[in-house]
Each structure stands twice: as structure tokens, then as C-alpha cells.
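User: I would like to learn how to read sheets and helix packing in a model. Please take me through them one feature at a time.

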Amino acid sequence: MAGSRRRAAMLLAALAVVGWLAVGAVSIRYPGRLGEVATNDNAAFLPADAEATRAERLAAGFVERQTLPALVVYVRDAGVTDADRQRASADAARFAAVPGVVAPLPPPMPSTDGKALQVIVPVDNAEGDRTREVVAELRRIAGKGDAGQVVVVGGPAGLLGDLIEVFSSIDGPLLLVTLVVVLVILLIVYRSPVLWIIPLLAAGLSYALATLAVYFLARSDVITLNGQAQGILTVLVFGAGTDYALLLIARYREELCRHHDTVSAMLAAWRGAAPAIFASGGTVIAGLLTLLLSSLSSNQALGPVAAVGIGATLVVMLTFLPALLLLGGRWAFWPRSPYVQHAASVGRLWKPVAHFVARRARLVWVVTTLALIALGFGLTQLGATRLDQSELFTNRTDSVIAEEVIEQHYPGGLGSPVTIFPLAGAAERVAEAAGGVPGIAQVRTVPAGDPNATGSEVTPGGPGAPGAPGGPGAPGASGGPPKVVDGRVQLQATLTAPADSAEAEQTVRELRIAVHAVPGADAVVGGSTAVGVDTADASTRDRNVIIPVVLGVIAVILALLLRALLAPVLLILTVVLSFLATLGLCAFLFRYAFGFPGVDASFPLFAFVFLVALGIDYNIFLMSRVREESVRQGTRSGVLRGLVVTGGVITSAGFVLAATFSALAVLPLVILIELGLAVALGVLLDTIVVRSLLVPALTYDIGPAVWWPSRLSRVTGHPDRAPVTGHPDRE
């Protein structure tokens, strides 16, 4: 009977492996095709009711085609020459012939200091990701300048082109770095020439399946994929997938030390690990899907994409991985194959930690809590929640250099004016009110037929990336009667500060107050700086809404898993404390080690969702095992036993996840580098301090009451102090 049961199990495992490998063979080509369905043109970046969004809709009526300006700047410190003017004019004619450029182009605009010329090149918004090719052609035509001259192409279209260039290169380098990182850690953890292949193969299959699902969902417009979500999908699937694999493999190894039959060992391992893995994955999915409550479309896009990745990972790790391990049996662990006689060796490295927690439980949790609180004070050094265009990249792209040059020689907001749409009858009063706002250099009415009329506002790239209006306007007189569309006219206000600066955002806030106060005007203010203002406001709103929802969802999942109310509350408090400590530590590192000026407005929310959803994983892995052991031998003994048997695998999983998110540092975008480092540091803090010391010590000190109000909290008769050994049968 036992033999037939074993043969049936092995046959089923073989069929599962063959079936999954067939799925993998179909899916393997889709990781390289995600770029086909990714979009980095977030025209609907802001919520529909944002003032900048309303301005974008109004702007569409004033132009035949919505455009995004590329700004070509010719600079000669000794002063612009006639030859420079002729070259700029000739280049402008060639720019107009580039596919995707909306002609006619305005003539080159000289700077007041006589050292620069600027050509405004409107790029059709319909180009989308092809904006990169258009900008590349403009840069080819413009060249780099001759002796004593600098020529750069930037502006909103130049920035978008540079961002698309970065995102288009995500797949190759990021995937390669992630694979190498996971491989190295698995070799260190297992010290086996065979075993590392199994979790890496399962993680690779999870990624292939995830990209297959994301590809077709994005192609069908069910979800939106952008470059940022694409990058996070890679590290999240490999990081979480390897974590789940480590947990199941460790439990399987432990059960092989208790069972002679590998089938019985796998069934016991699956029953023991699957609930924790499922709860962990469910927690991450639920946390990510709360991003659908965001008012920013880039946040809404990331949630479903990452959730699909975790869902695919769960399916593979709970089916393909166990089947593969079962077929491998004990030989997969060679040369350290586990047998029943090795039972005493399970978790031996963590016994000293468990002894220390048992002897000094209250001191341990008090000291670690105070240490985390102390790190949290670093939040005062977090810096601005707004990155200027020049601060987005870790390298000096053409768009960054162009922004610096324009700032030196032209009014800060010349290339990206603020647009105002008042009712026609109140236009003069609105213009007068706008002109009186500090920080406004000039206000002009856009006449009918003006080629410089604003086209649209677009936020390229991802959350926090600076947006841009369409065609910029030059300061000066109107030159004709204004164009009236649906009873409104268009005004353009030039800022004295750079359009993506904090000073410009404050000016726009004051401008809105001033023009909204004009009676009968119903003025609407838009433009790139207004997009930044509304993005910051939307990010604040999202944090206030999503963070409580995430905590509530996680509390429900933990309560169902642990069948208690007090334990989930304590676990959530420890993870929140760890999150605040991580942000404090990151603030010091970002400012003093990396020299970053601050963080993006979306950073706190993204860091919270990933750190809390992923950080709670390790508490789930630990406390689900602690509860299992507490039922057998009492809470305090269960805490020590749970810490001993899960210590190694959870620590290894934490290092894997931290290392995979650190791979985001290979991308030259400050936003993703900050997020990757924050998640890596937070996971390590959770793994080394919170899960290894704080949670076990706190649970041990509280004792059975931690399971309140379940019956387990009222169980008596178990010893309050228990020895720490390697096997429950020997305790």
C-alpha cells in the first residue's frame, strides 16, 4: 500500500513538473516583450478632478494637436555670433522636417545676456514612447557644437526621451544582476552544487509566468504597465519567490530528519509551510492592491502589476517547487543530505540566540524598541519631497545639462510656462492679478493662431517625475486678438524660478489663490509646475487613505492566521516601528552618504507598502510556526522552538530579498535607487532585529496572553521556561 502511494505521488509530481516546464517554454519569450506593452506617457497621471487635469482638457481646445516641447539650446560664453544664429535657424528648418515634430517652429529666441539661443521644437504627443527616437534625431541634427560652443537638447520632451531610454533598458541589466545576486546567495546558503538550481528554476518560472500574464493583461488594457512597474516586478518576483522557496525547502529538510519516506516528509512540509506562504503572499497582494485607491494613475498601475507577479509566484511555489523537490528527494541536498539521525542538528546555530532571548526577554525587547525609536528620529533629515529635473538621474543626461543651461540664461519658467484659462470677460483682471504675484516674470495672452500655444501637460516616467506642458510660450506682447474657446481664453505666465523647483510650486499655489479670487473668472491654472503641485497634494491624500487601509488588511489576515487579536496588533506595531526606523536610517544615508537632496513625494507611500507588506512576511513565517509549536508545548517553549527552527531560513530569505531590491541601484534613477535601498535596509532591519530579537522577546515576556482571546491564551499547565533543543519530540 505504501509503495503504491509513493509511486502515485511520484507520478503526479513528474506530471506536474513536465506540465510546468511546458508552460515555462511558452512563457520564456515574454520577459523580453514587456517593453512592447509598456507606456511611459502618463497623460492621465493626475486624478480627473485635479486642477492641472482640467487645465489640460481646456488646453486641448486651443491647439490642433497636443505637443510636448523639446528645447534646443546653443550657448557660447563669449557671446552668440552671427554664425551661431544662422546655424540655429538652419537647424530649426531641419528640425521641422523630423517625423513627429509639429511645424512651423518659432524662430530662435536669444537670451537677454546675449550668450544663448533657444529653439522650441514641439513634439507631437501622439508619438508616445517614440518620443525617444524623435529626441535622438534632434540631438543628431544639433550635434555637440564647435569650439567654444555647447549645444544640448532638453526640455520636457528631452526629459521624457531620457526616461524612456532608461526604462527601455531595464529588462537586460536588471534581470542579469538579480539572477547573479540570487545565485550567489543560494550558493552561500546551501553550499550544494545541486540544490541552488531548484529555487532558482522555480523563481525563473514564476517570473516567466508573471510576465506572460502581465503582457496579455496590459495588451488588453486591463492593467497599465510602465517602466517603473516593470523594474519592480523583476526584483519582487525573484525576491519573494526565492523567499517562499527557502521556507518550503527548509521545512522539507526539517521533515526529512523526522520521516524516512520522502513523500510523507513533503506532505508534512507542505502542510506546515503552505499556510504561512499563502498568508505571506496574500498579505503582499492585498497591500499592493490598496494602491488602486490611489488618485495617481502611476500608483494604480504598480499595484496590479506587482500583485499579478506575487500571485504567479505563489502558484508556482506551491505546486511546481514541491513536485521538483519530491522528485529530487534527499540527493538534491547533497553533500549534506538530511536523514532521521540528523534531527538534533536542526537549528543548532540559533539555539544561543533563543537562550539569550529566554534569559533577558524584557531587556531585549525594551532595548531594541528604544534603538528603533532612536533611528526614527532621523526622519528630520529626510529632506524635500520633491526632486527637481536635475536631481532625477544619477548621471548628467542631456536633459539635465539643458535644464542647467536654460536656468543660467533664461527666466526659470520660460520653457514651461504656467497656463491660465479664465472666462473671456475676466481675462484682463485675471492677467492683472497674476502679474502681481511674486515670482511671476510676465503674463501674456495667447492670440489666435499662436504656434506657441500650450498643447498639454504630461508627466513622463513614473511617480514624482516632473511633468511638462505642451508648447511653451515666449514672453512678450500678444500680437493679436485672443483665441476664445468655449468662452475662455488662454494666458501664459512665465515664472522667475525653474519650473520644477520648490519656489515655482509655491508661486503656483499663490497664483491660484490670486486668480481664484477674481470674481466671475472661474480661472483654471495648469502647466508643468501645477502638475507637480497637484501630484504632491495627491500623494499626501494617498498616504492618509492607503496607509490605514494597508494596516487594516494586514491585521485581518494576521488575525485569521494566528486566530488571535493581541498578537496581530503587536506584530503590526513592531513592523510600523521598523518602517519609521528604516526611513530615519535612510534619511541619514541619502543625505550624508549618497548626497541625495531629498525624496520624491511618492517615496513614503511606496516604501510603506513594500516594507510593511514584505516585512510582515517574516513575522508571519515566525509566528505561524510559534503558534504551531505553542499548541504542542506551550507559548514560551513554542517561541524558543519557533525561533530556533526558522532562524536560519528567515535570515537567508531576508538577505535574498534585500539583495534583489538592491539590484535597483544599477538603474540611473534616484527614485528607484532610493526605493530599492529603503526596502533592502528595512528588510534587513526586520530580519535581524525585529524578527530575531524584538518579536520573540516580546512574545516570550507576554506569554500565553499573546494569543488573546483564543483558547490558547487560557491554556495552563505548560512550563513557563523550557529548554531549547533541536527537535520537538525531545523537548
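User: In what order do the four strands of the open sheet that includes strand 2 stand, and is the pairing parallel or antiparallel?

Analyst: Strands of a sheet pair through backbone hydrogen bonds, in either a parallel or an antiparallel sense. Here the model is predicted, so local features need pLDDT of at least 70 and side-chain atom pairs pLDDT 80 or more, while totals for chains, interfaces and linings use all residues. Residues are numbered from 1 along each chain as its sequence is written, and side-chain values use heavy atoms, without hydrogens and water. Helices (H or I, at least four residues) and strands (E, at least two) are DSSP runs numbered from the N terminus, and two strands pair if DSSP finds at least two bridges between them. The order in this open sheet is 3-4-2-5, with antiparallel pairing. Strand 3 (109-110) and strand 5 (149-154) each have a single partner strand, so one side of each is left without a neighbour in the sheet.

User: How many bridges pair strand 3 with strand 4?

Analyst: Two bridges, in the antiparallel sense, link strand 3 to strand 4 (residues 116-124). Met-109 has Gln-118 of strand 4 as its bridge partner.

User: Which strands does helix 5 touch?

Analyst: Contact means heavy atoms within 4.5 Å. Angles run from 0 to 180 degrees between N-to-C directions, and axes are lines fitted to C-alpha atoms, for helices over the stretch in contact. Helix 5 touches strand 2, strand 4 and strand 5, and its direction makes about 170° with that of strand 5. Helix 4 lies across strand 2 (67-76), strand 4 and strand 5, at about 5° to strand 4.

User: At what angle do helix 4 and helix 5 pack?

Analyst: The angle between helix 4 (residues 82-96) and helix 5 (residues 131-142) is about 150°, and their axes are 10 Å apart. That makes the two helices roughly antiparallel; angles under 35 degrees count as roughly parallel, over 145 as roughly antiparallel, 65 to 115 as roughly perpendicular and the rest as oblique. Helix 4 contributes Arg-87, Asp-91, Arg-94 and Phe-95 to the contact, and helix 5 contributes Leu-138, Arg-140, Ile-141 and Ala-142.

User: Which strands stand at the edges of the sheet ordered 7-9-6-10?

Analyst: In this antiparallel open sheet of four strands, the edge strands are strand 7 (440-445) and strand 10 (524-526). The twist averages 20° from one strand to the next. Three bridges join strand 6 (residues 418-421) to strand 10, and Thr-419 stands opposite Gly-526.
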